[in-house]
Structures are given as C-alpha cells and as structure tokens.
Amino acid sequence: MRRIVALAAVVLLAGCFGVTTESRAPLDVATPGTWTTLAPLPTPRQEVAAAALDGRVFVIGGFGENAEPVAVVEAYDPTTDRWEARAPLPAPTHHAAAAVVSGRLFVVGGFTGGRMSWVAQAELYEYDPARNAWIARAPLPTPRGALAAAAVGDRLHAVGGSSGGLTPAHEIYDPATNRWTAAAPLAVPRDHLAAASANGHLWAIGGRRSFLGEQYDNVDVYVPADERWTVSTPLPSARGGLAAAVLGNRVFVFGGEAPLRIFASAEMYDPVKQQWIAKTAMPTPRHGIAAVALNGRIYVAGGGTQPGFARSDVNEAYQP
C-alpha cells in the first residue's frame, strides 16, 4: 500500500514540476516543417492507439477522466476538420496498439482497469466499417499492454510491452489465416516503445523499463527476409511514451516522457547521414500518443500534457 501511495505522490509531483524538453539533434534549418492546430479531440485522453483507415484518423481507447480507461473510438476527417463517433471497443482499454494491414484496421493488446489495477490483454479486434462494429480475432499469444504494433507488408507485428513484467515478445499476425507466429524477440525488453514500418522493415524505437526507471534510446530494425534484428542509430534522447510514423520512407518520432520530463521533440531519421535530425517541435509537448501519417501529413491527437496522468484534447498535424 505504501508503494502505491508513494508512486501516486511521485506522479502528482511530476505533473506539477515536470519540464519540457526539445531535441538534442541538429536542427534541419532548410526544411524544418510546420504544425497546424486542428479541431480538438472530442474525448480528451492519453495512452491511445491510432491508425488511418478510409482517409480518416481513428483514435482508439486510452485514459479518460480520472485516469479511467475508455472504450471510445473517434474518427477525424481532414477534409472537413471534423470528428465523428464510431463503434466503441468491446471493453474500455488503454495502452493498446493499432495498425492497418492490407486495408484492415486492427487493435491489439492493452490494459483494462484504471489507476493501479491494470490487467494485460490478449485481445485482437478488427474494425468492420460496413457494420461499424468490432470483431474478435485470434488473441495474442503473449498478453501485454504498452506494446507497439506496425504493418510490414501483409502482416501485423506486435513487439514489446509488459504483463507483470517487461517482455521482449515479437509476434506476427497473418490476417489471411487468423494466426500468430513467434518471431525473433527484442534484444532489450521494454514497454512504452514506438513502432514503424519503413522500406519493408520493422522499427522498434525507444521505450522504458518503468515510469521512474531506465529509459531507452534503442532503435532496433527487424529485417523479415533475414528473420533478425539489427541495431540502428540511437535516439538523441532516451524516452518512452513516444510515437512514430513514416512519410516517404522516412521515419519520424514525436514527443514522449522520461522521469519529470516531457518532450516536444519532432525528429526524423536521415538514412544517408545515418543520424536523427530535429524538425519543428510539437506546439504542445505530449506523451502517451500515437502518430498517424495520412496524405502527406502526420496527425498527433490526444496524449498527456504533463508527466503521468494528464489527458488532453489536442489535435495537431505536422507537414514536412
């Protein structure tokens, strides 16, 4: 009980005294990119999952008011700058991951329960736009939340996360057969990491051991043809709770947190120089976010505006 009270106190203090951090990487002066503030997210929340389907940005689940999980699903239409409600998840869920594989939207893993009573989930759901409904698919072999997911080709990759402890699990889902297979695990188990798919490879980026524990700058790249991980250039700053997206085969990362710090950073990996370069920072520093690339822009909605529990309705888009 004392440990729970102590942790709650630390989270509260973090919310009061956290500082904003921007990138340590060299700034791209020539093409830093711009941010636009858009219609706010109707249901403020953090620790969301998100993906793009049918020209819309879906923001799924997360922590709502009083750090309680929500089943809310809302879709943003960039052409009208409006949100609309979609069918909620079958259960309130936070720290899940989402990806679109061959035009099909999936949500995987996460936690149920609020505050300290988190229960890791194995559920995999597919969204049916025609019926505006969620359909249960084959569950994850390793239940976990705070994981990351990305589509590589016609497969869904789920990496990292935690379930009573960190896991290096890397499992691949085939929508055609509704089956999971185990793949090469992460070298460093971690949760609150980000994932992206670029050039036919899976990127596992950042993450952490715990809220107050070690933060990771690791960037690992999985090559499906070789069935192995390679090590790429580390992030400029170690952190968890960040988001990643890909535009034009370039990997971008946004935000995140470390103990008593929250990041406004927006960075892009330059494969020629093999280094991370800083872009224009997010107008609103956040963590517990997901980034979605759609029609040449990257959308970042919701997230925590302070370390710990701090939901928001922010909706901002980055254009290189």
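**Sheet pairing, nonpolar cores and a buried serine**

Strands 19 and 20 pair in the antiparallel sense, with four bridges between them. This pairing is described here from a predicted model, as is everything that follows. Within it, V223 finds its bridge partner in R228 of strand 20. Four residues lie between the two strands of this hairpin, and E227 takes a positive phi near 55 degrees there.

Strand 19 also looks to its other neighbour. Four bridges join strand 19 (residues 219–223) to strand 18 (residues 201–205), and these two strands run antiparallel. Here W203 has V221 of strand 19 as its bridge partner. As a helpful reminder, strands of a sheet pair through backbone hydrogen bonds, in either a parallel or an antiparallel way.

Stepping back, these pairings belong to an open sheet of four strands in the order 17-18-19-20, with antiparallel pairing. Strand 17 (194–198) and strand 20 (228–231) form the edges, each pairing on one side only. From one strand to the next, the twist averages 25 degrees.

Attention now turns to the nonpolar interior. The largest nonpolar core holds 17 residues, and those with the most contacts inside it are F58, I60, L89, A98, L105, V107 and W134. Two or more residues come from each of strand 3 (49–53), strand 4 (56–60), strand 5 (73–77), strand 8 (104–108) and strand 11 (124–128). Of the elements involved, strand 3 gives the most to this core, with three residues. I60 offers a handy place to start when viewing the model. Leaving aside residues up to four places away in sequence, I60 touches R45, V48, A49, V72, V73, L89, A98, L105, V107 and W134. Another core, of 16 residues, lies apart from the largest one and includes L124, L140, L156 and Y173.

A serine in a loop rounds off the picture. S312 is found between strand 28 (297–301) and strand 29 (315–319). Is S312 buried or exposed? S312 counts as buried because its relative accessibility is 7%, and the cut-off for buried is under 20%. The side chain of S312 reaches the backbone oxygen of G303 at 2.8 Å. When residues up to four places away in sequence are not counted, S312 touches L41, P44, R45, R286, G302, G303 and T305. G303 is thus named among the residues touched by S312, and R45 appears both in that list and among the residues that I60 touches.

Methods: Residues numbered from 1 in each chain as written. Predicted model: local features only at pLDDT ≥ 70, side-chain atom pairs only at ≥ 80, totals over all residues. Heavy atoms only, no water. Core = buried A, V, L, I, M, F, W, Y, C linked by side-chain atoms within 4.5 Å. Buried < 20%, exposed > 50% of the residue type's maximum accessible area, 1.4 Å probe, protein only. Contact = heavy atoms within 4.5 Å. Pairing = 2+ DSSP bridges. Axes fitted to C-alpha atoms, helices over the stretch in contact; angles between N-to-C directions. Polar contact = N/O pair within 3.5 Å; in protein donor to acceptor, adjacent residues only side chain to side chain.
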